[in-house]
Amino acid sequence: MKYRRFSLILLSSLFITLGLATACFAMPQPTDRFYINDAANILSEETENYIFENSQKLDQATKAQIVVVTVPNLEGKDLESYATELFRTYGIGDKEKNNGLLLLLALEERKFRVEVGYGLEGALPDGKTGRMQDQYMIPLLKENKWDEGIMNGYKAFFAEVAKETGYDSDMSPEDVAGEEELSDSIAAILVVVFYVIMFIIASKKGKGGIIPGGHLYGSSRSSSGGHSSGGFSGGGGSSGGGGSSRGF
Amino acid sequence: MKKKSTIFIIIGAVILLLAGFLISRYNGMVTLGEKVDAKFSDIDTQLQRRTDLIPNLVNSVKGYMSHEQDAIEKVTSARTQLMNASSVAEKGEADSALTGALNNLLAIAENYPDLKANENFTTLMDELAGTENRIATARKDYNDVVKEFNTSIKQFPNSIFAGMFGFGEKEYFRAQEGANEVPTVQFNTTE
């Protein structure tokens, strides 16, 4: 009885600490719709759906990820480090290609930032992202036209990323991703076949113990590169702080 | 006889274990040290990019701000200082000085609407701001690895043989306090 109460206290204190730890810096965590997180609650359902669907298709075809996040405020941080941290926490873009793009709006501060992953810096140098913001977004955001501003900008940046990655909206995901996925699955099959053969040989010799447990699972899993097929999550991409910021 | 060989085997095994332990520790430190160097070269790349951008900026600004020779001069000399810096500390200091000089110049540029409307200038400003931000990010990444490295060589048991292997503490890349603050503008055209 005493023991139970003790463990109860221990558990609850653990939860309280956890709660405190997460409350300290409440950066909006990725939702199950990863590509769009309207934490400031300023976008319409249609805009959100449009962004979600298009980013999802782009991701499935090219592994490039475009994420739109709106936050009520930056919690005292500066826009640039907030954006870089969010970018890295989300892991936007593919881990190897780093082809992620983040569009971040801070409502209270009235600031907008485009943060570009390493892999897209060639297609979207800082100066260009600034010009694109000036051209497509800032005039609209100045008039609090959130939906139009974000939508306009999203489309413009989407077009640039699509051009860079060779994505065509008519394309089905298999057209672009086919080759890589195929080689991945062939590799996985080869690994399985190898282990089966090894297993057969080993058991024929009368000793079944040469295969370490769990190894098979580990190796077939690693070939998928952490990019889950159900996939609304970051690919582990990073950014070095490239992009541009604007006030509106 | 048999007992003797058992002892030898045990001693041999202990030596092998110890050697393996030392090797893995050594390799761990080498790997971390390499990571520190790699992160520093990231900073260096961005510092280089920054020094490359300055002449363009000065050229585009000159025509508009002919009265602000002083501010422009400060930027150019800070750039030279950065180019001549070699150690981590020197580079950190020079970079801070350049940031200060640039911020000063840009604050003055606020008073030249023609310049601000110039698309070339805007693009340059974005590139510069982006580079500055990349330097800040690279600096943070670098300092994180340096901290990891310094902690690892100071911790037991690495602390015993870190010196023996020739591993010393790595230097942090420090930004001068207040270098990122926008200075108050002394706007005088007579000088």
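In the predicted model, Lys163(A) and Glu160(A) form a salt bridge whose closest N and O atoms are 4.0 Å apart. Both residues belong to helix 5 of chain A (residues 146-165), where they are separated by three residues, about one turn of the helix. The two partners differ in their surroundings: Lys163(A) is exposed, with a relative accessible area of 64%, whereas Glu160(A) has a relative accessibility of 17% and counts as buried because the limit for that class is under 20%. Over all chains, the count comes to 20 salt bridges.

Chain A, which contains this pair, comprises seven helices and five strands. From the N terminus, these elements follow the order α-β-α-β-α-β-β-α-α-α-α-β. Of the 248 residues in chain A, 40% are buried. Among contacts in chain A between residues at least 6 apart in sequence, 73% join residues at least 24 apart. The accessible surface of chain A amounts to about 13,400 Å², and carbon and sulfur atoms account for 58% of that area.

Chain B is built from six helices and zero strands, giving the pattern α-α-α-α-α-α along the sequence. Buried residues represent 39% of its 191 residues. Among contacts in chain B between residues at least 6 apart in sequence, 80% join residues at least 24 apart. The exposed area of chain B is about 11,200 Å², with 56% supplied by carbon and sulfur atoms.

Within chain B, a salt bridge joins Asp44(B) to Lys91(B), with the closest N and O atoms 2.8 Å apart. Asp44(B) lies in helix 1 of chain B and Lys91(B) in helix 3 (residues 88-109), so the pair ties together parts that are 47 residues apart in sequence. Asp44(B) is partly exposed, at a relative accessible area of 27%, while Lys91(B), at 12% relative accessibility, counts as buried.

Helix 1 of chain B (residues 2-62) also holds Phe8(B). This phenylalanine is exposed, with a relative accessible area of 57%. Together with Ile7(B), Ile11(B) and Ile15(B), Phe8(B) makes a nonpolar surface patch of about 420 Å².

Attention now turns to the interface between the chains. The size of an interface is often given as the accessible area lost when the parts come together. For chain B and chain A, the buried area is about 1,000 Å², and carbon and sulfur atoms give 36% of it. Asp126(B), Asn133(B) and Arg134(B) supply 51% of the area that chain B buries against chain A, more than any other three residues. The contact involves 18 residues from chain A and 12 residues from chain B.

Five salt bridges are counted between chain B and chain A, and eight residue pairs are found in polar contact across the interface. On the side of chain B that touches chain A, helix 5 (residues 119-154) gives the most, with 11 residues. One of the salt bridges connects Arg134(B) with Glu121(A), the closest N and O atoms being 3.1 Å apart. Arg134(B) and Glu121(A) are also members of a network of salt bridges that links them with Asp126(A), Arg49(B) and Glu127(B).

Another salt bridge is formed by the side chains of Arg246(A) and Asp126(B), at an N to O distance of 2.9 Å. This pair crosses between chains, from strand 5 of chain A, where Arg246(A) lies, to helix 5 of chain B, which contains Asp126(B). Both Arg246(A) and Asp126(B) are buried.

Strand 5 of chain A (residues 242-247) includes Ser244(A) as well. Ser244(A) is buried, with a relative accessible area of 2%. The side chain of Ser244(A) reaches the backbone nitrogen of Gly130(A) at 3.1 Å. Not counting residues up to four places away in sequence, Ser244(A) touches Phe112(A), Arg113(A), Val114(A), Asp126(A), Thr129(A), Gly130(A) and Gln133(A), along with Asp126(B). Asp126(B) is thus a recurring residue in this description: Asp126(B) touches Ser244(A), forms a salt bridge with Arg246(A), and is one of the three residues that together supply 51% of the area chain B buries against chain A.

Terms used:
Residues are numbered from 1 along each chain as its sequence is written. Chains are lettered from A and ligands numbered from 1 in the order in which they are written. This is a predicted model: local features need pLDDT of at least 70, side-chain atom pairs count only at pLDDT 80 or more; totals for chains, interfaces and linings use all residues. Side-chain values use heavy atoms; hydrogens and water are left out. Patches are made of residues with over 30% relative accessible area and no salt bridge: like charges are joined within 9 Å, nonpolar side chains (Val, Leu, Ile, Met, Phe, Trp, Tyr) within 5 Å. Accessible areas come from the Shrake-Rupley method with a 1.4 Å probe; for residues, only the protein chains shown count as cover. Helices (H or I, at least four residues) and strands (E, at least two) are DSSP runs, numbered from the N terminus. Buried means under 20% relative accessible area, exposed over 50%, partly exposed in between (1.4 Å probe, protein chains only). Contact means heavy atoms within 4.5 Å. Buried area is the accessible area (1.4 Å probe) that two parts lose on being put together, summed over both. A polar contact is a pair of N or O atoms within 3.5 Å; within protein, one must be able to donate a hydrogen and the other to accept it, and residues adjacent in sequence count only if both atoms are side-chain atoms.
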